[in-house]
Structure formats: C-alpha cells, structure tokens
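User: I should like to learn how to read several local features of a protein model. Please take them one at a time, with the general idea before the particular case.

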Amino acid sequence: MVVKGEESDKILELFLKIGLDERTARNTIANNKVTANLTSVILEAALTDGCDRTIGNLLYTVATKYPANALKHRPKLLEYVVSSKIKTPAQLEASFSFLSNVASEDYKQKEFEEACGVGVEVSLEELTQTVNEIFEENKAAILERRYRMNVGELLGSIRKKHPWADPKIAKQLVDAKMYELLGERTAADDEKPSKKKEKKEKPAKVESKAVVVDTPAQPSEEELNPFSIFPAPEDNIKVHTEVFFSNGSVLRCCNSRERLEKHLKVTGGRVFTRFPPEPNGYLHIGHAKAMFVDFGLAKERGGCCYLRYDDTNPEAEKKEYITHIEEIVQWMGWEPFKISYTSDYFQDLYELAVELIRRGHAYVDHQTPEEIKEYREKKMNSPWRDRPITESLKLFDDMKRGLIEEGKATLRMKQDMQSDNFNMYDLIAYRIKFTPHPHAGDKWCIYPSYDYAHCIVDSLENITHSLCTLEFETRRASYYWLLHVLDLYQPYVWEYSRLNVTNTVMSKRKLNYIVTNKYVDGWDDPRLMTLAGLRRRGVTSTAINSFVRGIGITRSDCSMIRMDRLEYHIREELNKTAPRVLAVLHPLKVVITNLESGSVLDLDAKKWPDAQTDDTSAFYKVPFSNVVYIERSDFRMKDSKDYYGLAPGKSALLRYAFSIKCTDVILADDKETVLEIRAEYDPSKKSKPKGVLHWVAEPSPGSEPLKVEVRLFDKLFNSENPAELDDWLADLNPNSKVVVPAAYAVPSLWNAAIGDTFQFERLGYFTVDKDSTARKLIFNRTVTLKDPYGKAAK
C-alpha cells in the first residue's frame, strides 16, 4: 500500500483527529504497514470522527504492537479502550500478553479483565501515600543526588505496587514531591553527569539490583526510527565530555575544526561504527542489542560497520570463538563493512605508546598487581611515576624485546591519582605476556590493555559513533583524555543500557563457569541466552531483532526485560513460518473397536490454520487406523463439566478425523494406571463433541508410529535476577530440561532436517536438534503455545 496525494492528506487528517502530533503522523504515513494497521484500528474502533489524545495513543499502540495471532479479539479489545475500561499503557501491554496466549481461542471475560486490571481504580490518596513511602525509603539518596536522581527508578517502584495506576498522575506526584523536598533546581543540578561527584556515585555494574519493567510503547519519532537520536558526523565538533582534574582544571574534549575536516575527507561524511566483541566466549542476546545498535545505525544512515575483534588478551581468546562470532553475525543478518582485529594495529599502538611516554603522559612501573591495587585504593602515586622519560623509553623497549620478566613491569598512563573517577587512576596501557597470539602469532610479548587500545583503534578506523553499554560510562574521561593528549580524532561516544533478561545470567564469566563445569550442555545449550543456544532452540534471528528493536535504544540502567516479552516475538514469528503437525508426547493407546483391524485411512491435515481446500501444498496426509495414541493427560477416569478431554462414556473429536467415544478402560494390576482405552468412532461425523484432541495412529497393523525424542526446556534459573544472589548456582532450575525419550509423531516428519521448525498442535513450537541421527529424530521445544510464566505471575 503506497499512500499518495489526496489519499495521503485524508489519512493525515484522520491521524491528527485521534491526537497524533503532525510530525508523528507524517512519519507514520511513511511506514505503509503501520499506516494500514492504524487505519484499520481507527475504523474498527468507530473513531473516524476523532478522539482525545490519550485514547489515540492507545490506538497507535494497538496498531503497532497487537499480537498477529489474536486478530479475532482485536475489536473487543478496542471496545475496552474506547470505553476507557483499559486506559493505561500497562493495561494494554497486559492485554497483549493475555490475548497472545489465547490466540484465536475463546476466553472468559472475567479472566481477561482480571489480567488487565479492568475496574481497578487507584485513588489519588492511595497513590500519594505510596509516593510518600517510596520517597521516605529513598530520602538519603534523593537528598544526595538531588535532581540527578533516577526518577524512572522511583516510578518503577510505584508501578510495582500499583501496576494499573495512571503513570501521568504518578509522574506529577513524584515531580511535586521532588520540588517539596529539594526546592528549585540549581545550576549545579543541571551540570553534565560526567562531573566528578556524579562519576563517583555511578555504580560500576549494571547488573546490581535490577528492577523488572515493561516499557510502555509511546508513539514517537524514536519508535519509528530508533537511530534518530544520533547526531550526524559533521556535527562532531561539540564538547563530548568534561574531565575534571583534582587540581581544579577542566579538560573539555572536542575535535578541532581542522581535525574534523580531515576525518570527514577520509570518510566522505559517512557514518562509521564498529561491533567490537572480545573473542573469549560465545555471543549472547545482549550482543544482539549491540549488533542492532552498531550495524543498524550504519545501515540506516548508509554507512559502514566494522566487525572488530577486541583481541588484546591472548590468554583468554580462541580461534573457536573468532569463528563463532563471524558466523553468528552473519546469521543475525548483518554484513560487516570489514572484519578487523585490534591486533592489526599493534604496531600503531606501540608507536603511539612511545609517543605517549615522550610527551610525559606514561611511565614504566614495577609495582606488582597487588601493590597497584593497594596504591589505587589509597589514591597514592607509584614510586616510579616521576621517573625520567628517557628511562621509561629504554625500559619500554626492553619490555618489547622480551628482556624483562612477565609481571615485573607495566606501562601505565600518567593520569590523575587524586581524581574522583577511579578510571583515571593511572590505568595500565601495556603488560608483558609471553603467550602467542591467536591472530598475531608470536611477534609480540607485550600486549595493550582495553583502556589503552579501544579508543585509539576507534580513532584510527575513523569511527564516527563509538557506541557501548552504560557500565563503560565512567571510562569516558580516560577515553577522551588519551585521544586528547595524543592529538587524535575523537569519535562521538554514546552509552545505552545493557539488555538484561529474566531467569538467566548474562555475564561471560558466569556463562563460562556453568559451561566449563557442565551445568549445561555447552555454549549452545538451548537453555542459555547465547545466540547459539537460541538458534539451536529454534529461535529465528528475525524474532530476536524484532524483540531488540521493540525494546529500543534506552539509557535506563536498572531495567530487566521479562522472558515472556521475548517469547511473544518468537511466537509471532513462528506462527507465520512453522507448519502444523501432529505429535503426542506421552502416548496412551486407544483401540477403536468398530474399525476393522488392518484398515488404514489417509486423511488430510492442515499445515496452516487458514489453508484453502484448493491448495494441496497446504495439506499433508496422516494415517488413521484402529489403533491411535492420544496424550495421556487428555484422558481421566472422572469427568467434569469444565473438562473437554476423554473419559469413560464420553466423546471427543480427533483433530482432522472422527469423534470417538470411550467404551472401556483397561487398567493395570494396581487398578489405577490406565494401560489402554477401548473406543468406538463415528464414521458419519454427525456427533459434535466440544473437546478436540491431537493424536497419532499406527501407520500399518502392528507398526508403531514414528518414535522421536523430545526435549522440553524451561527457564534456567528460578529467580528473575539470579545474578544478584550470593549463591546464584543454587538457584538453577532442576527441571530446566526434561527429556521425553519416546514420543510419537506423524510419518511426514521422518524427512525433517536439522533446524526445521514445526508447531506440534496444542503442544508448542519444536525444532529438529543437531543431535538427531538417521535412526532417531530429536526435537527441542522452542516455546509453548501459551505462556505459563505470564499466567503464574497474574
């Protein structure tokens, strides 16, 4: 659908009527898919004459976020929105999760309303009381940080207690309380966060005390184009940051006009980014966000993105990891402009280190690691800090030539040991390591540190936007200080929040520990949030990228995304791409007594729910014989009104086949265990029982159905944030992997290849695992059809 001329003007007028500002409305029209969806939503809501902005924003969210597998229920949801029974983004997010789980099935209105907080009213008095309590709990921190206090953190605490409260009212109360407690904003409150006091306060690790949040979708330019927040390369002449020294001086880091012009001449004014993983482990879903930011910005601006291996530590790096990273980057859909290595620049880095010494900004130190740590903690200068430049040059050359023992000397940058920023305490630039390098070979026995090499290689590769996660924010001062004292081009640095997902760990150290100690089955174990593990589980790269894009490029450093949000994107993708098949995980034998033994009927089953009868490719054949197998959980000895499975004397429909009625039950000697069911089928198909069961039949007399192994994966950890636990290993979920060794499937699955994904009807989405052999297929459950975690939380 391409919108032109008068039609465009009409649609613009329609979008303005529902309260979108003109800029957002025009940006929306540029996106054909969103335009079509939003127009349909407005028509379904019968609001072509317009509505207030609050309802309009909710309509926009429905148009952009509504689960595609539940379109049947969208008109009903819109009734709730129009009548203001659902009136907050949190309620709308909850409705999406609920409706995604039920898909096209019917649901109980009461359950829906409970799940979405319909009718729940949070009074102004209740909200005010909660705000007062939270301010009292955080009073010391607020008074210390003043208006630099993370208001989002306070609002997150309020949202946790009152998920259905109006966020605008909550924000107004918080703002009023801040003013009551702190008074007018001062000039000091508006100073940049790189101010030394702020640097001291900033936590070094993003993982600590993360709060689970669901980011509400707001119609904005950033949502339509998340990269719109980044400046153009030609604007890179402004002050990047201010480095505050203990002597009272301030270094305002920025490019000169001459240096910027030289840079632009080399790049042609294009955007240059880099994705710089360290090859010391497998990439995880957090790296998917980094790839989206780095490669995505370059692609959106018509620029270039390097895949640069940050290979400065030869002891931790392996060829296996290098190969894996390149493969995963391609699988994620990104194409590097060039693959480079920090080790490609070892000679340049060495020569610049020599220049750094000559300029009086580096010295050779003989302190041990323990002494360096102690001196840094006490903010004391090294005894060798003021040694003559000629002496340091001589010793650094000796280090390079292998004349000094490992651990006996380092090259340190002469920064500011009295700074309030720990990352300005004379960081190490070079260490001695008599270890061959996986890429550079045995040419070097001194290796640069990350803090020294990273910013210099950014500059040498003419990176325009150096993008990294928030834990590196305190390194800004060191990053720019080094480029400044070496008179090098300074890229634009911008930090974004790490991607933290519930019920898992993301640090490479922890991942390496559970892999090395065999708590999981390797780096590609489907329970891990490594990209290799997700791929093996059957998750597509498009689903991961869609998930990452939906989160946005935020700077909120206390956010954790719920697993069910990722699962929503996985289901949305697989619902469109995974053909349906029949399989039974825990088979219970059913003998149909009124069907002749030995007769086999070939029936048509749908690969897709909306398959047209004239499209033969949308169907597959399933055998139906007098011996079929149903799911053991679909039979019970005692019937009830709300139960639609099979029971003695009760009928149920076998999907794509006939209804059957249980006539007899064969029990084991314990008189409880069901061994076999006897039933009669209705060949006329006149009976219409409510229950519909999946099943698999014997393909020929006396022959078992296709036997497959199925691996059911659950959350790896019981807690939402195991990383904050002292004994995080004790939180491992013992039932995170359950193996079903003898499930049954239809014969058409026999030719399935590794990586093929299917929907096992009523059971979930499954993919063929790499452990499969010519004699036995093994399936991994990618995700269930419905989200058990979301329901448990409600």
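**Reading a predicted model, feature by feature**

Analyst: T767 is buried, with a relative accessible area of 1%. The model is a predicted one, and T767 is a convenient place to begin. Burial is read against a cut-off: a residue under 20% relative accessible area is called buried, so T767 at 1% falls in that class.

User: Where is T767 placed, and with which residues is T767 in contact, leaving aside its neighbours within four places in sequence?

Analyst: T767 belongs to strand β28, which covers residues 764–768. Once neighbours within four places in sequence are set aside, the contacts of T767 are R536, R537 and G538, then G755, D756 and T757, and finally I778, F779, N780 and T782.

User: How many disulfides does the model contain?

Analyst: The general idea comes first. A disulfide is a covalent bond between the sulfur atoms of two cysteines. In a model the test is one of distance, with sulfur atoms required to lie within 2.5 Å. By this rule the count is 0 disulfides. For C51, the nearest cysteine sulfur belongs to C116 and is 20 Å away, so C51 is in no disulfide under the 2.5 Å cut-off. For C305, the nearest cysteine sulfur is that of C304, at 9.0 Å, and C305 is likewise in no disulfide.

User: Is C305 buried or exposed?

Analyst: C305 is buried; its relative accessible area is 3%.

User: How should one read the packing of two helices, and at what angle do the axes of α8 and α10 cross?

Analyst: One reads the approach of the axes, then the angle, then the handedness, then the residues in contact. Helix α8 (residues 124–137) and helix α10 (residues 151–161) have axes that come within 10 Å and cross at roughly 130 degrees. That angle makes α8 oblique to α10. The crossing of α8 past α10 is right-handed. On the α8 side the contact is made by L127, T130, V131, E133, I134, F135 and E137, and on the α10 side by L154, S157, I158 and K161. By class, the residues of this contact divide into 6 nonpolar, 2 polar and 3 charged.

User: Which residues of helix α24 are buried, and against which helices do they pack?

Analyst: In helix α24 (residues 541–551) the buried residues are S541, A543, I544, N545, F547, V548 and I551. They pack against α15 (285–300), α16, α23 and α25 (563–577). Following α24 comes G552, with a positive phi near 90 degrees.

User: Which residues other than glycine have a positive phi, and where are they placed?

Analyst: Two cases may be given. K518 has a positive phi, near 60 degrees, and is a residue other than glycine. K518 is in the loop between α22 (508–516) and α23 (531–537), and with a relative accessible area of 70% it is exposed. K671, also a residue other than glycine, has a positive phi near 65 degrees. K671 lies in the loop between β21 (659–667) and β22 (674–681), and it counts as exposed at 64% relative accessibility.

User: Finally, how does one set separation in sequence beside separation in space, and how far apart are G333 and A477?

Analyst: The two separations are read side by side. G333 and A477 are 144 residues apart in sequence, and their C-alpha atoms are 34 Å apart in space. G333 is in the loop between α16 (319–331) and β6 (338–341). G333 counts as exposed, at 53% relative accessibility.

Terms used. Residues are numbered from 1 along each chain as its sequence is written. This is a predicted model: local features need pLDDT of at least 70, side-chain atom pairs count only at pLDDT 80 or more; totals for chains, interfaces and linings use all residues. Side-chain values use heavy atoms; hydrogens and water are left out. Buried means under 20% relative accessible area, exposed over 50%, partly exposed in between (1.4 Å probe, protein chains only). Helices (H or I, at least four residues) and strands (E, at least two) are DSSP runs, numbered from the N terminus. Axes are lines fitted to C-alpha atoms, for helices over the stretch in contact, and angles run from 0 to 180 degrees between N-to-C directions. Angles under 35 degrees count as roughly parallel, over 145 as roughly antiparallel, 65 to 115 as roughly perpendicular and the rest as oblique. A crossing is left-handed if the near helix is turned anticlockwise from the far one by less than a right angle, and right-handed if clockwise. Contact means heavy atoms within 4.5 Å. Ala, Val, Leu, Ile, Met, Phe, Trp, Tyr, Cys and Pro count as nonpolar, Asp, Glu, Lys and Arg as charged, and the others, Gly among them, as polar.
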